[in-house]
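Colleague: I have this model open on my screen and would like a close look at a single part of it. Could you take me through one pair of strands, and then show me how the surroundings fit in?

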Amino acid sequence: MALMASLPRPASTELSHVHLHVWLQYGGLSAQEYGCGLCPECGRDSTATCAQCVAEAETGCNVKVAAPAEAKKFECYDYSLVKEALVASKTATICHAEKATAIACNKPGSAAVAKTYSVANKGCGPCSEAAKKDKTCSDCSTDKCNSASTLAFVLAPLLAVIFHLL
């Protein structure tokens, strides 16, 4: 019994808090699990993917989180590094957005460096203004618009000009 008494007890705030996932524009529901206590610190800003509330103080605190009633789905392609080149995935990622939100996909821009570039939101959503400005990211506004074939329309004429100059 003495061992039990010596164990640290969680702070009272941890006992009254509940954490749950959140709706992410272009990403759908976050992967955060429901649980007791404050949002876990996973080495990143957990408030972006986790909501927390005080169970006794807030009505409807510990409830199931769902997508907005009129959320829409569309598809975009993710990119990954394959043999030192950024390659579009063969299958598209399902993206989620609120009804009034425009469809947006992103892909590597003309100045993207394959070894250091990271596709935002698995290709779902627009590029940041900074990434557009430095041309490391390019975005488009229709379903599946960021596929590798859309890149081919840009690269084919460019390659033709290069070979002609040689």
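Modeller: Let's begin with strand 6, residues 72-76, which is joined to strand 9 by five bridges, the two running antiparallel. One of the residues to find here is cysteine 76, whose bridge partner in strand 9 is threonine 93. Strand 9 covers residues 93-97, and four of its five residues are buried, so this strand is largely enclosed by the rest of the structure. As background, strands of a sheet pair through backbone hydrogen bonds, either parallel or antiparallel.

Please keep in mind that this is a predicted model. The mean pLDDT of the chain is 77, and 72% of its residues reach 70 or more. Over residues 1-14 the pLDDT is below 50, and that stretch makes four contacts in the model beyond near neighbours in sequence. Residues 150-156 also have pLDDT below 50, with five contacts beyond near neighbours in sequence. Where pLDDT is low, the predicted coordinates should not be read in detail.

Back to threonine 93, the bridge partner of cysteine 76. Threonine 93 also helps to line the second largest pocket, together with Tyr26, Gly27, Ile94, Val119, Ala120, Asn121, Lys122 and Cys124. This pocket has a volume of about 170 Å³. Sorted by class, its lining has five nonpolar, three polar and one charged residues.

Strand 6 leads us to another place as well. Phenylalanine 74 and threonine 142 are 68 residues apart in sequence, yet 8.5 Å apart in space, C-alpha to C-alpha. Threonine 142 lies in the loop between strand 11 (137-140) and helix 4 (148-165). Setting aside residues up to four places away in sequence, threonine 142 touches Ile103 and Cys105. Is threonine 142 buried or exposed? The answer is partly exposed, because its relative accessible area is 46%, which falls between the 20% limit for buried and the 50% limit for exposed.

From strand 11 you can go on to lysine 132. Lysine 132 sits in helix 3, residues 129-133, and touches Cys127, Cys137 and Asp139, not counting residues up to four places away in sequence. Lysine 132 is also partly exposed, with a relative accessible area of 34%. Proline 108 is 24 residues from lysine 132 in sequence and 10.0 Å from it in space, C-alpha to C-alpha.

For another example of antiparallel pairing, turn to the open sheet of three strands, which has the order 4-1-5. Strand 4 (35-36) and strand 5 (51-54) stand at the edges with a single partner strand each, so one side of each has no neighbour in the sheet. Strand 1, residues 17-20, is joined to strand 4 by two bridges, and these strands run antiparallel. To locate the pairing on your screen, look for histidine 19, which stands opposite glycine 35 in strand 4.

Finally, the whole chain puts these parts in context. The chain has four helices and eleven strands, and buried residues make up 31% of its 166 residues. Among contacts between residues at least 6 apart in sequence, 59% join residues at least 24 apart.

Methods:
Residues are numbered from 1 along each chain as its sequence is written. This is a predicted model: local features need pLDDT of at least 70, side-chain atom pairs count only at pLDDT 80 or more; totals for chains, interfaces and linings use all residues. Side-chain values use heavy atoms; hydrogens and water are left out. Buried means under 20% relative accessible area, exposed over 50%, partly exposed in between (1.4 Å probe, protein chains only). Contact means heavy atoms within 4.5 Å. Two strands pair if DSSP finds at least two bridges between them. On a 1 Å grid over the protein atoms alone, a cavity is a set of points where a 1.4 Å probe fits but cannot get out, and a pocket is an open set with protein on both sides within 12 Å along at least five of seven lines; lining residues have an atom within 4 Å of a point. Grid points are joined across faces, edges and corners, and a volume is the space filled by probe spheres set on the points. Ala, Val, Leu, Ile, Met, Phe, Trp, Tyr, Cys and Pro count as nonpolar, Asp, Glu, Lys and Arg as charged, and the others, Gly among them, as polar. pLDDT is the predictor's confidence in each residue, from 0 to 100.
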